[in-house]
Amino acid sequence: MGLKDNDVIVFIGDSITDCGRNYEDASSLGVGYALMVAAHLGLQYPEKKLTFFNRGINGNRVVDLQKRFDRDCLALNPTWVSIYIGVNDTWRYMDSGQETTAAEFEAAYRDLIERTKKSSEAKLVLIEPFVLPVPEDRKTWRRDLDPKIHVVRELAREYGALLVPLDGLFAAASMKAEPAFWAGDGVHPSPAGHALIADAWLKAVGAIN
């Protein structure tokens, strides 16, 4: 397990990461997977004195992360950078025609990785976006989201980042309970859905088996 004493872990992304955090409180972790990860690791490794920051913002697309990445992530001197972005790039295309092509998505995401590499030795955790077929019309999102999921996987492979393969994990979980149990609108996870993400994240970093 790669976590070291005094590590600083930054979670950055959209509303799934944000999950109700208090923007006025720099240490607020929200009530989703970021809090669950921090709670688990704090209990498991109290002696390591880990620090966690949640920098998710509701509605963000990858271009929004680009604009605030230096301030909201790199300025915190992270030793771990966890990036979770992509579903809003599809959602804004589907609801208002604001398209982010797969090539544009890759270029912006690569920029985040390159900036991290240039400014720090931080380990990267890339969380792929997912969508479930709730309501049914979410199925039409696949043609736009799937190429973005593949971008995240390819970038993880290229840069040796850790990958949290959520799309497949949520599909598999939906064999145990209906998709709406995991994400009522197909996008925003339920408490159980957030626990699935936290579990997958902890497995990716080697904190649990």
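In this predicted model, A102 touches P147, K148 and V151, leaving aside residues up to four places away in sequence. The place of A102 is in helix α5, and the residue is partly exposed, with a relative accessible area of 29%, a value that lies between the 20% under which a residue counts as buried and the 50% over which it counts as exposed. A comparison of sequence with space is useful here: A102 and I149 are 47 residues apart in sequence, and from C-alpha to C-alpha they are 9.3 Å apart in space.

From α5 we can turn to helix α4, which covers residues 87–96. The buried residues of α4 are V87, N88, D89, T90 and W91, and these pack against α1 (15–18), α3 (62–72), α5 (102–119) and α6. After the helix comes G97, whose phi is positive, near 75°.

One of those partners, helix α6 (residues 142–159), deserves a closer look, for the axes of α4 and α6 come within 9 Å and cross at roughly 155°. Angles over 145 degrees count as roughly antiparallel, and therefore α4 is roughly antiparallel to α6. The crossing in which α4 passes α6 is right-handed. On the α4 side the residues that meet the partner are V87, D89, T90, Y93 and M94, and on the α6 side they are R143, D144, L145 and K148. Sorted by class, this contact has four nonpolar, one polar and four charged residues.

Which residues of α7 are buried? In α7, they are L166, D167, F170 and A173. Seen down the axis of α7, these buried residues fall within an arc of 130°, so they line one face of the helix. A general property of helices helps to picture this: an α-helix has 3.6 residues a turn, so residues three or four places apart point the same way. The cover over the buried residues of α7 includes strands β3 (80–84), β4 (123–127) and β5 (162–164), together with helices α6, α8 (179–182) and α9.

The last of these elements, α9, spans residues 191–204, and its axis comes within 11 Å of that of α7 (residues 166–173), the two crossing at roughly 130°. An angle of that kind falls outside the ranges for roughly parallel, antiparallel and perpendicular, and α7 and α9 are therefore oblique to each other. Their crossing is right-handed. The contact is made by L166, L169, F170 and A173 of α7 and by G193, L196, I197 and A200 of α9; by class, it has seven nonpolar, one polar and no charged residues.

Helix α9 also packs with helix α2 (residues 33–44), at an angle of about 50° and with the axes 8 Å apart, which makes α2 oblique to α9. As α2 passes α9, the crossing is right-handed. From α2 come Y33, M36, V37, H40 and L41, which meet P191, H194, A195, I197, A198, W201 and L202 in α9. By class, the contact of α2 with α9 has ten nonpolar, two polar and no charged residues. In the structure above, I197 of α9 can be found in the contact with α7 and also in the contact with α2.

Notes:
Residues are numbered from 1 along each chain as its sequence is written. This is a predicted model: local features need pLDDT of at least 70, side-chain atom pairs count only at pLDDT 80 or more; totals for chains, interfaces and linings use all residues. Side-chain values use heavy atoms; hydrogens and water are left out. Axes are lines fitted to C-alpha atoms, for helices over the stretch in contact, and angles run from 0 to 180 degrees between N-to-C directions. Helices (H or I, at least four residues) and strands (E, at least two) are DSSP runs, numbered from the N terminus. Angles under 35 degrees count as roughly parallel, over 145 as roughly antiparallel, 65 to 115 as roughly perpendicular and the rest as oblique. A crossing is left-handed if the near helix is turned anticlockwise from the far one by less than a right angle, and right-handed if clockwise. Contact means heavy atoms within 4.5 Å. Ala, Val, Leu, Ile, Met, Phe, Trp, Tyr, Cys and Pro count as nonpolar, Asp, Glu, Lys and Arg as charged, and the others, Gly among them, as polar. Buried means under 20% relative accessible area, exposed over 50%, partly exposed in between (1.4 Å probe, protein chains only). The arc is that of the directions from the helix axis to the C-beta atoms.
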